[in-house]
Every structure is written in C-alpha cells, then in structure tokens.
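Student: I have a structure open and would like to learn how to read it. Can you take me through it feature by feature?

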Amino acid sequence: MGLYGSLLMLLLLLPLMLSVKIQAQSSESPSTSARSLDRLLQDYAYRAFINPKTGLPYDGEVPSNLTGIKISALRLRSGSLYKRGVDNYKEFEIPVGVTEKPYAERLVLVYQNLGNWSLSYYPLPGYTFLAPVLGLLAYDARNLTATNLPELNLTASDKPILIKFQDVNSVPIGSTPKCVSFDLQGSPLFSNVVSENVCSTFTQGHFSIVIASVAPAPAPVTPSPPRPKIGGGKKNNSRIWKIVGSVIGGVALLVLLCFLVTCISRYNKRKKIQQMETAAEVGEALHMTSIRDTRAPTAMGTRTQPVLEHEYVP
C-alpha cells in the first residue's frame, strides 16, 4: 500500500504542477518577449538588402502577425559613421563621433517603429505613451544573411543622438511630457524633453515620449450590465481554459490509476485463492514403501477402529 499511496499522491499533485507550468509559460516577461522581437526584426531587416548600397536605407517587411510595425536597415562604414554621422535616418539624427564596440568595419543600423505594438512589448505602468516606441540597434554587417546577431554597443561621444518624434499625441493640460528610453534589458530611464517632441540619447535602445497617468476621481455611476472584454480578455480566457484542461487531464489520469490499482489488487486476491484451492486438492501426501525392487504408495492404518452400531449379531 506504500507504493500505491505514493502513486496516488503523485497523481494528485500532477494537475497543480501542470497548471503552474502553463502559467509560467504564459507569463513570459515583457523584456524577454521584446528581446525575441529584436532578433526577429533584425532578420527581416537584413532581408531588405538586395544588391545594397552603402549609406542608403532599405525598408523591410515584417510578418503578417506583426502588422503595424515598421523596420528599416542602413549599412554604413564604421569610419564614415564616426567622421560624418547621419543627418536624417527616419526620426534619428546621428552626430559625428559615434563609435561601436566591438569594432566592426561595416555595420548596419536597424530602425524600429513599434506603432500600436509599443505597449505590448514595453508596458509602463503609471504612464501613458504619447508617441510610438522607436528603436535604433547596431549590428555587424559582415554577413547580411546572418540571424540572431548580438547587438553592437553604439555610443555617442560629444553630441547626443537626437530622436525627433513625428507622430505624437497632444499633451493634456496640466501634464508634463517626459522622454523614456529602454535599455536592452527593458529597464526604463526617464529624462526631460529637449524641445517639442525631441528626445536625446548617448546610446542605442528604444525610446518614446510619455506622461504620468492621472487616475480620475471616483464618481457615482449607475450599475450597468458587464461588457465583454476585448483583446486581453481573450488571452485570459485561453489561459483559464488551458488550466481547466490540465486539471481535467490530471483527474482523468487519477481515475485511470485508481482503476489499475483496483485491477491489480483483484488479480492478486484471485491468485491467492487459486493457490489455496490447489493446495487443498492435493491433500496429504501418501507414504511410500519398498516391495522387492519397487516403491509404491501405501495408506496408513485407520485412526479410528470400526464399531458395530448394535451388539446383536444375527
């Protein structure tokens, strides 16, 4: 019963372990998903290079499931970037004196505009985005078919890199816009706006303009029927169904194990009964005796002597 008890306990814990695993997989951190997006966009940006010319930007196409994101790739010589910079690369203005580590003779600047995907990959609780998240990342250009390339560490020395946002929502009265930059680990860093819709940085990364969210004062409202959730509700429902499915599967496995344990127990009882019946049928072994050159079974003498029922004998 010790083995059976252990198996039952394991089966009882199985649904809980499955639900924890599903929740862990579904709750992937935003920084991890953002890094996966960077690797994917690097691949698709490099695909835009068909007989590329140095110094000319090439717009790429993203997968259909990421519609709304814009990417571009610009191949440069390291020396040219340092001596001349880049006047206008989309919303970025790169000054002279920019270097990269480790050194690369040629490098590619990958531009990202996350559009309506900004909040999905760079959530910022307590703040509202006024502009989409823009990204500028540098990669080695020796192999334009390479994927999963590590980023180069791009650094401005004298003057900062300027980001001139074009698609910016109006600032609400009483709010102060702030520049926010995200490093490769997804950590935010806030700074003041240089001028209207312009931010600055000395390193590569992802950038946007935000304002602090102000919670509206609570007001009495009349009760209304609940409205179905849009977007996030579908994800939550799918997670709930996954957890429910794992629990149902665990219960089914538990029932199957109980059935197997019952069958094994019945089989063992039946086998013991058959052994007892066989032993009963065999009975007491007959004694053997020697008759000349052979041995033959002989019966022992009767234990009880016969007695007549009546003393009268006719």
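Tutor: Start with a pair of strands. Strand β3 (residues 86-89) and strand β4 (residues 92-94) pair in the antiparallel sense, over two bridges. Keep in mind throughout that this is a predicted model.

Student: Which residue in β4 is the bridge partner of valine 86?

Tutor: Isoleucine 94. The two strands form a hairpin, with two residues between them.

Student: What does the backbone do at lysine 90 in the turn?

Tutor: Look at phi. Lysine 90 has a phi near 60 degrees, a positive value in a residue other than glycine. Lysine 90 sits in the loop between β3 and β4. Its relative accessible area is 36%, so lysine 90 is partly exposed.

Student: Where else is phi positive in a residue that is not a glycine?

Tutor: Try asparagine 148, with a positive phi of about 55 degrees. Asparagine 148 is in the loop between β8 and β9. With a relative accessible area of 55%, asparagine 148 is exposed, because exposed means over 50%.

Student: What about peptide bonds? Which one is cis?

Tutor: Check omega. The bond from lysine 101 to proline 102 is cis, with omega near -10 degrees. Proline 102 lies in the loop between β5 (98-101) and β6 (106-113).

Student: Now a strand residue. Is alanine 138 buried or exposed?

Tutor: Place the residue, then read its accessibility. Alanine 138 is in strand β8 (residues 134-140). Its relative accessibility is 0%, so alanine 138 counts as buried; the cut-off for buried is under 20%.

Student: What surrounds alanine 138?

Tutor: Set aside its neighbours within four places in sequence. Alanine 138 is then in contact with Leu107, Val108, Leu109, Pro150, Glu151, Leu152, Leu154 and Gln204. Take valine 108 from that list. It is 30 residues from alanine 138 along the chain, yet their C-alpha atoms are separated by 5.6 Å. As a general idea, side chains in a regular strand alternate between the two faces of the sheet.

Student: Give me a loop residue to set beside that. Where does serine 170 lie?

Tutor: In the loop between β10 (161-164) and β11. At 65% relative accessibility, serine 170 counts as exposed. Serine 170 and leucine 130 are 40 residues apart along the chain, and their C-alpha atoms are separated by 7.4 Å.

Student: How do I read the whole chain?

Tutor: Use totals. The protein chain has five helices and 16 strands. Of its 314 residues, 30% count as buried. Then ask how far apart in sequence the contacts reach. Among contacts between residues at least 6 apart in sequence, 69% join residues at least 24 apart.

Student: How is empty space found?

Tutor: Rolling a probe the size of a water molecule over the atoms shows where empty space is left. In this model, take the second largest pocket, with a volume of about 300 Å³.

Student: What lines the second largest pocket?

Tutor: There are 22 lining residues, and Ser181, Thr201, Thr203, Gln204 and Phe207 lie nearest its centre. Gln204 is also among the contacts of alanine 138. By class, the lining has eleven nonpolar, nine polar and two charged residues.

Student: Which strand gives the most to that lining?

Tutor: β11, with four residues. The elements that each supply at least two residues are β9 (153-156), β11 (178-182), β12 (188-192), β13 (198-201) and β14 (205-212).

Student: How many cavities of 30 Å³ or more does the structure hold?

Tutor: One. About 40 Å³ of space lies in the largest cavity. Ten residues line it, of which Arg35, Tyr122, Asp183, Leu184 and Gly186 lie nearest its centre. Helix α2 (residues 30-46) gives the most to this lining, with four residues. The classes are three nonpolar, four polar and three charged.

Student: Last one. Where does UniProt place the feature "transmembrane region"?

Tutor: At residues 243-264, in an unreviewed entry. Treat a record as a prompt to check the model. Over residues 243-264 the chain is 100% helix and 0% strand. The end C-alpha atoms of that stretch are 32 Å apart.

Key. Residues numbered from 1 in each chain as written. Predicted model: local features only at pLDDT ≥ 70, side-chain atom pairs only at ≥ 80, totals over all residues. Heavy atoms only, no water. 1 Å grid on protein atoms, 1.4 Å probe; cavity = no way out; pocket = protein on both sides within 12 Å on 5 of 7 lines; lining within 4 Å. Points joined across faces, edges and corners; volume = space filled by probe spheres on them. Nonpolar A, V, L, I, M, F, W, Y, C, P; charged D, E, K, R; others polar. Buried < 20%, exposed > 50% of the residue type's maximum accessible area, 1.4 Å probe, protein only. Contact = heavy atoms within 4.5 Å. Pairing = 2+ DSSP bridges. UniProt positions renumbered as here; feature names shortened; annotations may be inferred.
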